[in-house]
Amino acid sequence: MSTYRLDLFGGFALRDESGAPITIRSKKGRCLLGYVALAQGQHKHRVLLAGLLWGDRDDTHARRSLSQELYRLRGLFSEEAQAKFYLSEDTVSFAQDLLEVDVVRFERGLDSGELETVREALDLYTGDLLAGLETGQEVCEDWLRDERERLRDRAIAAWHDVLRAQMEGPAEPAIESASRLLALDATSEEAHRALMQLYEKSGRRDLALRQYKKCAEALSAELGIKPDASTRALHERISAAPQTQDANADKPGPIGSAPNGEVAKIDQPLPLPSKPSIAVLPFSNMSGDPEQEYFSDGIADDIITGLSRFGDLFVISRNSSFTYKGAAVDIKRVGRELGVRYVLEGSVRKAGNRVRINAQLIEAETDNHLWADKYDGDLTDIFDLQDEITASVVGAVQPTVFLAEIERVRRKHP
């Protein structure tokens, strides 16, 4: 029998033996399946599971709710697979070969200690464990928070190990690793310094200096501190190094523009991930009201979270994409600097109690617009409006990206 596949990083996705998706609408059902699957064959007491997900009910009702949820979950599997649900009066477990779980594969890969295996395992980490899932149960929320932090810390530590091993080799793989590390931990000075050194090594002094600025901004915003002495010394050395470009090359200007107004030569791009990749830029606040910044930023945040739930889509983190906030953005350059094929941008305009949101999806390499739409709404219930717009945008963007990927593959020469 083929194994079912369960992806818990970046959201929740269950697929049967043929790869067809299986929908579990209940949040507690998704959490229950994930919790028991991560136990890898260990028996979990029903009292523990009932308290985890129905702690606000008395013991009798909690156990009854657990039994009903297990019955519904079991019914989603084939008869052969149902035999691998081990349900006794007191405990619950699954056979280890019932589900292939991305989190389990991730941890096994990291435990191997082999650089290539660790690197492949890190590609499985597409977002927080069960991202976006909220059960409303304190015990479950505590477990999710602790597991998310533990897995994130493991991923960060592994990226550090991979980056250190790559620093003496070709620049591009190390640049990708450092960028992926910063997507998880924007305050890692080691990763910022590595990028500065790698960009300098590659002859991209302007990017090395810009990376120091990103480092200083991230440390100030997140920790309220300045870069340490070694980072400052590296910045001073790169700044003082003889320039091979025009003396005005490092002066601030719109991204993608040269001092004389011409389009600057675009730097060598970051390698693209193996899966379709997208960056969601901060939505522009066109209303002139600074208080609306939280709303426009919240829209972009929610879309990033929504897209991250698709395991087949690589989504750049907020910390990376929001470095372009307030800048004149060149989409091609964004794609090259972040290593993404698609970019989503938008704007928010407010008039009275009405708001209009425009969004557009762009293929970074060609600057072609793949999709665009506008949404009007009432600010009476701002969170409902955000949820409605997010659902609409995510529902349109995800299939558009995959259709574009199909068309892109068709255009390739055999």
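How does Arg-154 count at 24% relative accessibility: buried, partly exposed or exposed? Keep that one in your pocket; we'll get to Arg-154 on the way round. What you have open is a predicted model.

**Stop 1: the whole chain**

Start with everything shown as a cartoon. The protein chain has 15 helices and 13 strands. Of its 414 residues, 49% count as buried. Switch on a surface and you're looking at about 20,600 Å² of exposed area, with carbon and sulfur atoms supplying 49% of it. If you draw contacts between residues at least 6 apart in sequence, 62% of them join residues at least 24 apart.

**Stop 2: the four-stranded sheet**

Now select strands 1, 2, 3 and 7. They make an open sheet in the order 3-2-1-7, and the pairing is mixed. Look at the edges: strand 3 (21–22) and strand 7 (99–101) each have a single partner strand, so one side of each has no neighbour in the sheet.

Zoom in on strand 1, residues 4–7, next to strand 7. These two pair in the parallel sense, over 3 bridges. Pick Arg-5 and look across to strand 7, where Glu-100 stands opposite.

Stay with Arg-5 and add the side chain of Asp-7. The two form a salt bridge, with their closest N and O atoms 3.0 Å apart. How do the two ends of it compare in cover? Asp-7 counts as buried because its relative accessibility is 6%, under the 20% cut-off. Arg-5 has 33% relative accessibility, so it counts as partly exposed.

**Stop 3: helices on that sheet**

Bring in helix 1, residues 27–38. It lies across strand 1, strand 2 (13–15) and strand 7, and runs at about 85 degrees to strand 7. Then add helix 5, which also packs on the sheet. Helix 5 touches strand 1 and strand 7, and its direction makes about 55 degrees with that of strand 7.

**Stop 4: salt bridges, and back to Arg-154**

The structure holds 27 salt bridges. Select Asp-111 and Arg-154 for one of them: their side chains meet at 2.8 Å, N to O. This pair links distant parts of the chain, with Asp-111 in helix 5 (residues 102–112) and Arg-154 in helix 7, 43 residues apart.

Time for the opening question. Arg-154 counts as partly exposed because its 24% relative accessibility falls between the 20% and 50% cut-offs. Its partner Asp-111 is at 54%, so it counts as exposed.

Next, select Arg-164 and Glu-190. Their side chains meet in a salt bridge as well, at 2.7 Å, N to O. Here too the pair links distant parts of the chain: Arg-164 is in helix 7 and Glu-190 in helix 9, 26 residues apart. Arg-164 is partly exposed, with a relative accessible area of 46%, and Glu-190, at 25%, counts as partly exposed too.

Now show Glu-107, Asp-111, Glu-147, Arg-150 and Arg-154 together. Salt bridges that share partners join these residues into one network.

**Stop 5: helix 8**

Select residues 171–184. This is helix 8, with 14 residues, and it reaches 20 Å from its first C-alpha to its last, close to the 20 Å expected at 1.5 Å a residue. How many of its residues are buried? The helix is mostly covered, with 12 of the 14 buried. Among them are Glu-172, Glu-176 and Arg-180, along with Leu-181, Leu-182 and Leu-184.

To see what does the covering, show the neighbours. The buried residues of helix 8 pack against helix 6 (115–122), helix 7 (138–166), helix 9 (189–201), helix 10 (205–223) and strand 10 (314–315).

**Stop 6: strand 8 and its partners**

Strand 10 is the way into the last stop. Strand 8 and strand 10 run parallel and are joined by 2 bridges. Pick Ser-277 in strand 8 and you'll find that its bridge partner in strand 10 is Phe-314. Strand 11 (residues 342–351) also runs parallel to strand 8, with 3 bridges joining them. For that pairing, select Ala-279: Val-343 in strand 11 stands opposite.

Finish by showing the side chains of strand 8 itself, residues 277–280. Ser-277 and Ala-279 point one way, Ile-278 and Val-280 the other way. Which of these are buried or exposed? All are buried.

Definitions and conventions:
Residues are numbered from 1 along each chain as its sequence is written. This is a predicted model: local features need pLDDT of at least 70, side-chain atom pairs count only at pLDDT 80 or more; totals for chains, interfaces and linings use all residues. Side-chain values use heavy atoms; hydrogens and water are left out. The expected span of a helix is 1.5 Å times one less than its number of residues. Buried means under 20% relative accessible area, exposed over 50%, partly exposed in between (1.4 Å probe, protein chains only). Contact means heavy atoms within 4.5 Å. Accessible areas come from the Shrake-Rupley method with a 1.4 Å probe; for residues, only the protein chains shown count as cover. A salt bridge is a side-chain nitrogen of Lys or Arg within 4 Å of a carboxyl oxygen of Asp or Glu. Two strands pair if DSSP finds at least two bridges between them. Axes are lines fitted to C-alpha atoms, for helices over the stretch in contact, and angles run from 0 to 180 degrees between N-to-C directions.
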